[in-house]
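Today I am looking up charged side chains that pair with one another, and I want to note for each pair where its two partners sit.

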Amino acid sequence: MSDLSGNHQVMHTPLVAWIGDYPEQLMIACISAKNSPISLVTVEQFGDATAHPPHNHGHMLQKIQEAIAACDPHNITSFHKVCLALHLNGVLEPFWKIWEDACPLCFLTPNALHQWHKFYFDHCIRWVTNITGEHRKLEKLLPAAAAGALPDDVLCMLHTITKFIFLAQGLFHCNETLHSLNEALHEIHHYKPSILRADGCLGKNSPLNHFQILKLELTQHVARSVHLMGAPYQWSSDITEHCHITHVKMPYCLSNRQDYHVQCCHFLD
């Protein structure tokens, strides 16, 4: 590419951020299921109150080399077992391997839609439903709507999670907001045993006694991501998810389901 002086320059596009949900992040980070794409934590440690060391570019490539040294990749069955033992998904050549300065720790940014709002609806509302037998819809109204029906410490837990989510979504962050974010995170881990005492976490057959929830573990890394990448609000997948509805689902529904690719393109034109 030519610069302003007319000289030809070799340009390298930096990989700033990759917006994706949990399965996509695992695939890109070369990590197997039920593990964190960001840190070295395992499923048994998802509910820990302290952050675990993060993955980095060199560490991931080293683990891949360990798997290759331990077993021939052409022996797919045996190699797959070796990869699972190392918490790898079997990818040998990640696309970011030779992409200068590209590290999943940095470019896999927090996703408000999948990590925070889905966490609230998948877990917080279920806890309230399990305890009270009622279902509430709006996360910002849940603590107030559930007041009187839940123990005080459970309400404190819901309040701090709500506070954390709305603080994390801020358009601007400074030392004060990050301090408030970390304080809310400490309160979440302080009050979370109240959910277990109230039998809010239920399995298929009996109450659960753990918080093996990846989205809870990922909250440990929000402040670090803000320092590296800025406000997480800019990396939410809300826009792309909405475009999937307006640019894919709606045109498909209006087609006759035959040769629909052409019809969808005509609709978008």
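**Salt bridges, pair by pair**

I began with Lys118 and Asp122, which stand four residues apart in helix H5 (residues 112-132), so about one helical turn separates them. The two form a salt bridge, and I noted 3.3 Å between their closest N and O atoms. I should keep in mind that this is a predicted model.

Next I looked up how accessible these two side chains are: Lys118 is partly exposed with a relative accessible area of 36%, and Asp122 also counts as partly exposed, at 27% relative accessibility.

How many salt bridges are there in the count? I found four salt bridges by the rule used here, and I follow three of them in this entry, including the pair above.

My second pair is Lys163 with Glu187, whose side chains meet in a salt bridge at 3.7 Å from N to O. Lys163 belongs to helix H7 (residues 152-168) and Glu187 to helix H8 (residues 175-191), so this pair ties together parts that lie 24 residues apart in sequence. For Lys163 I wrote down 31% relative accessibility, which counts as partly exposed, and for Glu187 28%, which is partly exposed as well.

My last pair is Glu93 and Lys97, a salt bridge in which the closest N and O atoms are 3.3 Å apart. Is Glu93 buried or exposed? I found that Glu93 is exposed, with a relative accessible area of 57%, whereas Lys97 is partly exposed at 28%.

As a reminder to myself, side chains of opposite charge can pair when their charged atoms come close.

Conventions: Residues numbered from 1 in each chain as written. Predicted model: local features only at pLDDT ≥ 70, side-chain atom pairs only at ≥ 80, totals over all residues. Heavy atoms only, no water. Buried < 20%, exposed > 50% of the residue type's maximum accessible area, 1.4 Å probe, protein only. Helix = DSSP H or I, 4+ residues; strand = E, 2+ residues; numbered from the N terminus.
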